[in-house]
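Here are some notes to read with the structure open beside you. Take the points one by one, and find each place on screen before moving on.

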Amino acid sequence: MSDLADLGPEDRKIITLARSARARNGVPEGAAVRDETGRTYVAGTVSLESLKLSALQTAVAMAVASGAQSLEAAAVVSEAAAASDADRAAVRDLGGPDTPVLLAGLDGELRASVQAG
């Protein structure tokens with residue numbers, strides 16, 4: 001695993017955006033994805049009585065709803081030790097199995113980088 005300093009500026013940016021979404025919205029997780037054109041989509045956890053989505057699922061849904069055709073990368077800021085299977089599946093559905101999923105702790109430090117597939 002590399003640390004945050006080893007990541008490129010665009011990957012550091014999506015981690016920062018994910019961390020900001022989490023803090024701003026007071027939710028358990030924040031996430032950001034970058035599409036094939038470089039646009040970013042940022043989201044927090046959705047927890048309604050009738051709808052529950054992780055932050056990463058919400059960010060992927062926002063990208064799809066905005067017309068994204070693919071993903072270059074995804075990032076989630078969470079207390080979790082690993083990206084969930086459901087989160088990786090959502091990224092894989094839009095970005096393919098090789099799409100990197102970056103997991104950072106609440107402090108923004110990179111914990112893991114895995115492929116969606």
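1. Which residue in β2 does A32 stand opposite? Its partner across the strands is V42. Please keep in mind, here and below, that this is a predicted model.

2. Now look at the two strands around that pair. Strand β1 covers residues 30–35 and runs antiparallel to β2, with 5 bridges joining them. As a general reminder, the strands of a sheet pair through backbone hydrogen bonds, either parallel or antiparallel.

3. Next, step back to the whole sheet. It is open, has 5 strands, and follows the order β2-β1-β5-β6-β7 with mixed pairing. At the edges sit β2 (40–44) and β7 (110–115), each of which pairs on one side only. On average, neighbouring strands here are turned by 15 degrees against each other, ignoring direction.

4. Follow the chain to the β6 and β7 end. These strands pair in the antiparallel sense, over 5 bridges, and A104 stands opposite L110 in β7. Together β6 and β7 form a hairpin with 5 residues between them. In the turn, look for G108, with its positive phi of about 85 degrees.

5. A second glycine deserves a visit. G67 comes just after α2 and takes a positive phi of about 95 degrees. Helix α2 itself spans residues 55–65, and its buried residues are A55, L56, T58, A59, V60 and A63.

6. Is A74 in strand β5 buried or exposed? A74 counts as buried because its relative accessibility is 0%, and the cut-off for buried is under 20%. Setting aside neighbours within four places in sequence, the contacts of A74 include A32 and V33, L56, V91, and also P100, V101 and L102. A74 also shows how folding can bring separated parts of the chain into view together: D35 is 39 residues away in sequence, with a C-alpha to C-alpha distance of 9.0 Å.

7. Helix α3 (residues 85–95) lies across β5 (71–77), β6 (100–104) and β7. Relative to β5, helix α3 runs at about 165 degrees.

8. Finally, try D87, which lies in helix α3. How far away is the nearest side chain of opposite charge? That side chain belongs to R88 and is 8.5 Å away; D87 is buried yet has no salt bridge. Beyond its neighbours within four places in sequence, D87 is in contact with E29, S54, L56 and Q57. You may recognise L56 from the buried residues of α2.

Definitions and conventions. Residues numbered from 1 in each chain as written. Predicted model: local features only at pLDDT ≥ 70, side-chain atom pairs only at ≥ 80, totals over all residues. Heavy atoms only, no water. Pairing = 2+ DSSP bridges. Helix = DSSP H or I, 4+ residues; strand = E, 2+ residues; numbered from the N terminus. Axes fitted to C-alpha atoms, helices over the stretch in contact; angles between N-to-C directions. Contact = heavy atoms within 4.5 Å. Buried < 20%, exposed > 50% of the residue type's maximum accessible area, 1.4 Å probe, protein only. Lys, Arg positive; Asp, Glu negative; His and termini not counted. Salt bridge = Lys/Arg side-chain N within 4 Å of Asp/Glu carboxyl O.
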